[in-house]
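Visitor: Please pick one part of this model and go through it closely. I would like the cut-offs behind each term as you use it.

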Amino acid sequence: MTRVRLHRNGCLDGMTGRKPTDFALYTGAKSLIYLIHGVTGTPAEMHYLAKSLARQGWDVYVPTLPGHCTRLRDLVRASEQEWRTHVQQQLTYARDHYDAVFVAGLSAGALLALEASTVVPVDGVGVLSPTFTYDGWNTPWSHAILPLAMKLVPLQLQHLLFHIDGPPYGIKDPVLQARIGSAYHPMALVRGWWKERAARLRAASEKSAYVPSAASNGYPIFPLRTLTEIDRLIRYVSTRLHRVHAPTLVLQAREDDMTSPRNADFVHERIASRHKEVRLLDDCYHVITVDQQKQAVVRHLHDFFSIHRSRSWST
């Protein structure tokens, strides 16, 4: 098998709204896969997927959603409309540079991928662990009162209430789960906050670049303000699924701890795509891009997108 050489610089260097934490892998291909991380997540959770797909001859671009990879205060200021606009603008830019463009997203990122396909012509959509209903086996009890909290707490105070993510963190892999648990421990979060503050002040005094830990670890908490934005995104995208016509592959863990496979069925039943498939994965939880079936995720996406790349070029 010929080894594909990967390059970090290419035709998307001038990408609209590009952030320092965006990353791209170029192989000289004429087709691109655009991978969207989940809300409160980070491009790092798409790293394995991106590198594996690039090694199979795809160009890949991984964006940073507005409000991510910086500070929590930026996340609570970000709206679902900003997330949607950002993805649409970047996909439009990519469309001008490639013969074929595919988009895939994880969790709430999957909703952004579906919605973007109704605005920007794409050749296929990958829907990974779609989040329309929190009905997984580990859904916290607090989600039962979420609709009431979103209704009663004024928007300007919602940043004061939050949910702390707990085990298994959407991951079945015991080693990775333990690593995330250690990083999200309350004492580790306090120490991290002090280190971040010191690093930020040092970078300001030395006028050097500062990279927040959120760029690699994501945010360990879900502010109520952000959950409200996700709820708005869910309601917006739910009403537009019938406008999705691109070939669509839905991948979800059979044991998803956050959102059950009923979410995959929800997408499959409502989109108008002529070519659509649902694949359920064993031995993994919600964050399928890093968990024990990540190789299967790569294989399914590569196979599905390859078929529809060939079809788009033959018409």
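Guide: What follows starts at the sheet, moves to a helix packed on it and ends at the largest pocket. The model is predicted: local features need pLDDT of at least 70, side-chain atom pairs count only at pLDDT 80 or more, and totals for chains, interfaces and linings use all residues. Residues are numbered from 1 along each chain as its sequence is written, and side-chain values use heavy atoms, with hydrogens and water left out.

The sheet is open and mixed, and its 7 strands come in the order β1-β3-β2-β4-β5-β8-β9. Strands (E, at least two residues) and helices (H or I, at least four) are DSSP runs numbered from the N terminus, and two strands pair if DSSP finds at least two bridges between them. β1 (23-25) and β9 (276-281) are the edges; each has a single partner strand, so one side of each lacks a neighbour in the sheet. On average, neighbouring strands are turned by 15° against each other, direction ignored.

Within the sheet, β2 (residues 31-36) runs parallel to β4 (residues 100-106), and 6 bridges join them. Y34 is placed opposite V103 in β4. Helix α3 (residues 80-95) packs on the sheet and touches β2, β3 (59-62) and β4, where contact means heavy atoms within 4.5 Å. The direction of α3 makes about 170° with that of β2; axes are lines fitted to C-alpha atoms, for helices over the stretch in contact, and angles run from 0 to 180 degrees between N-to-C directions.

α3 also packs with helix α9 (residues 224-238), at an angle of about 60° and with the axes 8 Å apart. That makes α3 oblique to α9, since under 35 degrees counts as roughly parallel, over 145 as roughly antiparallel, 65 to 115 as roughly perpendicular and the rest as oblique. From α3, E80, W83 and R84 meet T226, E229, I230, R232, L233 and Y236 of α9. This contact has 4 nonpolar, 1 polar and 4 charged residues (Ala, Val, Leu, Ile, Met, Phe, Trp, Tyr, Cys and Pro are nonpolar, Asp, Glu, Lys and Arg charged, the others, Gly among them, polar).

α9 also gives two or more residues to the lining of the largest pocket, as do α6 (174-183) and α8 (214-217). A pocket is an open set of points on a 1 Å grid over the protein atoms alone where a 1.4 Å probe fits, with protein on both sides within 12 Å along at least five of seven lines; lining residues have an atom within 4 Å of a point. The lining has 43 residues, with E45, D165, Y169, Y184 and V287 nearest the centre.

Conventions: Grid points are joined across faces, edges and corners, and a volume is the space filled by probe spheres set on the points.
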